[in-house]
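User: I should like to understand how the descriptive terms used for a protein structure are justified. Could we go through them one at a time?

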Amino acid sequence: MLELWDWKKLLLASFIFIFALLLRKLFARVVLKQLKKFAATTESALDNNIIAALESPFKFIFIVVGFYLATLVLNLPADIDEILTPLIRSLVAFTLFWAFFSCVEPLSVFIDKLTLKFGTELTVALKNFFVKGLKIFIALIGLTAILNEWGINVIGLLASMTLVGAAVALAA
């Protein structure tokens, strides 16, 4: 049975997490709204697209930070902390790579400029190839970072990806 002090910690941890959710809502309403207004005043659509792509990862980081701070207040036993520490680090890595993954599509404008030299009919095909390849690369690096947080040997995974890459290169 939980003692009175444990209930106070649980209540404080709940309050911290709810406060983080409220900050997330405030961030979405105030900061993101102002960023969108500012981006709308510029001539380029690139900043609008990047802000739209980063909106969800920015909101999710508040949940991760709230969860982390709530677990700090709870002062959990070491065996539970051994699970929560890699989980929180994995969530941070996931959010970071999610942001990179989301920015690939808006930044594909630069790929358009590079591939226009090859002709308009080839531009779409090259753009799709580069965007998909970059997204796959970011997803694999993100997965590798998350697996590394859980203590899974990534060297074997990287070696197998190298072999697959060599086979695809030879097939091409």
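User: What makes Ile51 a buried residue?

Analyst: This is a predicted model, and the values are computed from it. The relative accessible area of Ile51 is 15%. Buried means under 20%, so Ile51 is called buried. Ile51 is found in helix H2.

User: Which residues is Ile51 in contact with, leaving aside its neighbours within four places in sequence?

Analyst: They are Leu35, Lys36 and Ala39. Contact requires heavy atoms within 4.5 Å, and these three residues meet that condition with Ile51. By contrast, the C-alpha atoms of Ile51 and Leu84 are separated by 30 Å, with their positions 33 residues apart along the chain.

User: How do you know whether Pro57 is buried or exposed?

Analyst: Pro57 has a relative accessible area of 2%. The limit for a buried residue is under 20%, so Pro57 is buried. Pro57 also lies in helix H2. Not counting residues up to four places away in sequence, Pro57 touches Thr95, Trp98, Ala99 and Ser102. The C-alpha atoms of Pro57 and Lys113 are 27 Å apart.

User: Is Thr71 buried or exposed, and what value decides the matter?

Analyst: The value for Thr71 is 14% relative accessible area. Since buried means under 20%, Thr71 is classed as buried. Thr71 belongs to helix H2, which covers residues 46-74. Apart from neighbours within four places in sequence, Thr71 has contacts with Leu76, Leu84 and Ile88.

User: Why is Asn75 counted as exposed?

Analyst: Asn75 has a relative accessibility of 57%. Exposed means over 50%, so Asn75 counts as exposed. Asn75 is placed in the loop between H2 and helix H3 (78-104). Asn75 also has a positive phi of about 50 degrees, although it is not a glycine.

User: Which residues of helix H4 are buried, and why are they said to line one face of the helix?

Analyst: In helix H4 (residues 108-115), Ser108, Ile111 and Thr115 are buried. Seen down the axis of H4, these buried residues fall within an arc of 45 degrees, so they line one face of the helix. An α-helix has 3.6 residues a turn, so residues three or four places apart point the same way.

User: What makes eight residues of the lining of the largest pocket nonpolar?

Analyst: The lining of the largest pocket includes Ile136, Phe137, Leu140 and Met161. Ile, Phe, Leu, Met and Val are among the types that count as nonpolar. Thr162 and Gly165 also line the pocket, and Gly is among the types that count as polar. The resulting classes are eight nonpolar, two polar and no charged residues. The pocket has a volume of about 220 Å³.

User: Which helices supply at least two residues each of that lining, and which gives the most?

Analyst: Helix H5 (120-149) and helix H6 (155-171) each do so. H6 gives the most, with six residues.

User: Where does the UniProt entry place the annotation "transmembrane region", and how much of residues 60-78 is helix?

Analyst: The unreviewed UniProt entry gives residues 60-78, 90-109, 129-147 and 154-171. In the model, residues 60-78 are 84% helix and 0% strand, with end C-alpha atoms 26 Å apart. Residues 90-109 are 85% helix and 0% strand, and their end C-alpha atoms lie 30 Å apart.

How values were computed. Residues are numbered from 1 along each chain as its sequence is written. This is a predicted model: local features need pLDDT of at least 70, side-chain atom pairs count only at pLDDT 80 or more; totals for chains, interfaces and linings use all residues. Side-chain values use heavy atoms; hydrogens and water are left out. Buried means under 20% relative accessible area, exposed over 50%, partly exposed in between (1.4 Å probe, protein chains only). Helices (H or I, at least four residues) and strands (E, at least two) are DSSP runs, numbered from the N terminus. The arc is that of the directions from the helix axis to the C-beta atoms. On a 1 Å grid over the protein atoms alone, a cavity is a set of points where a 1.4 Å probe fits but cannot get out, and a pocket is an open set with protein on both sides within 12 Å along at least five of seven lines; lining residues have an atom within 4 Å of a point. Grid points are joined across faces, edges and corners, and a volume is the space filled by probe spheres set on the points. UniProt positions are given in the numbering used here, feature names are shortened, and annotations may be inferred rather than shown by experiment.
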